[in-house]
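Me: I would like to go through this model term by term and ask what stands behind each label.

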Amino acid sequence: SGAPDGPFAPNVNLVVHNIDTTLEAYRHRQREEIESVGWSVIEQDLGSVAGEPVLRTHARGSARNVAVEFLSVAMTTDGSDKKTFVLTCTASSRDFPRYRAEFERVIASLALSPWVDEDSSPWVDEEEMNDLPRGAIR
């Protein structure tokens, strides 16, 4: 999509929160956090990505004196190892329309590994890592 227009480079981040929550509860928490730093929520809706329930959020604010927008999706896991995954795509407000389609493609590709279920942890500990074939990534 070309070089960024200005000092703020478009970026994509995935954050994993070790919190047991529902998407509805996370919606309220996220809105409060966004508004507490002076940002505005443009839209915030429950939806789905690849058949999994998600919370979609589009917000606008300022970072390093640059008008910025982000589009994010939050997804939670069930079972004994509860986590909330938040994928955030951010660009300057000036660049955001140019990157929006690419951000939508990134979001559409989000999927939790199929081996994540209520009987196993999605994390590989050191012992399991040593048992993986050379070059394997999980």
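Reply: Leu71 has Cys89 in strand 5 as its bridge partner, strands being DSSP runs of E with at least two residues and helices DSSP runs of H or I with at least four, both numbered from the N terminus. This is a predicted model, in which local features need pLDDT of at least 70 and side-chain atom pairs count only at pLDDT 80 or more, while totals for chains, interfaces and linings use all residues. Residues are numbered from 1 along each chain as its sequence is written, and side-chain values use heavy atoms, with hydrogens and water left out.

Me: What makes strand 4 and strand 5 a pair?

Reply: Two strands pair if DSSP finds at least two bridges between them; 9 bridges join strand 4 (residues 66–76) to strand 5 (residues 84–92), so the two antiparallel strands satisfy that definition.

Me: Why is Asp95 called buried, and why is Arg98 called partly exposed?

Reply: Buried means under 20% relative accessible area, exposed over 50%, and partly exposed in between, with a 1.4 Å probe and protein chains only. Asp95 has a relative accessible area of 1% and therefore counts as buried, whereas Arg98, at 38%, falls in between and is therefore partly exposed.

Me: How do you know that Arg98 and Asp95 form a salt bridge?

Reply: The term asks for a side-chain nitrogen of Lys or Arg within 4 Å of a carboxyl oxygen of Asp or Glu. For the side chains of Arg98 and Asp95 the N to O distance is 2.8 Å, so the pair qualifies.

Me: What makes Arg56, Arg100 and Glu104 one network?

Reply: Arg56 forms a salt bridge with Glu104, the closest N and O atoms being 3.0 Å apart; Arg56 lies in strand 3 and Glu104 in helix 2, so this pair ties together parts that are 48 residues apart in sequence. Arg100 also forms a salt bridge with Glu104, at 3.1 Å between the closest N and O atoms, and because Arg100 and Glu104 are 4 residues apart in helix 2, about one helical turn separates them. Salt bridges that share partners thus join the three residues Arg56, Arg100 and Glu104.

Me: Why should residues 114–118 be read with care?

Reply: The predictor's confidence in each residue is given as pLDDT, from 0 to 100. Over residues 114–118 the pLDDT is below 50, while the protein chain averages 82. Where pLDDT is low, the predicted coordinates should not be read in detail.

Conventions:
Contact means heavy atoms within 4.5 Å.
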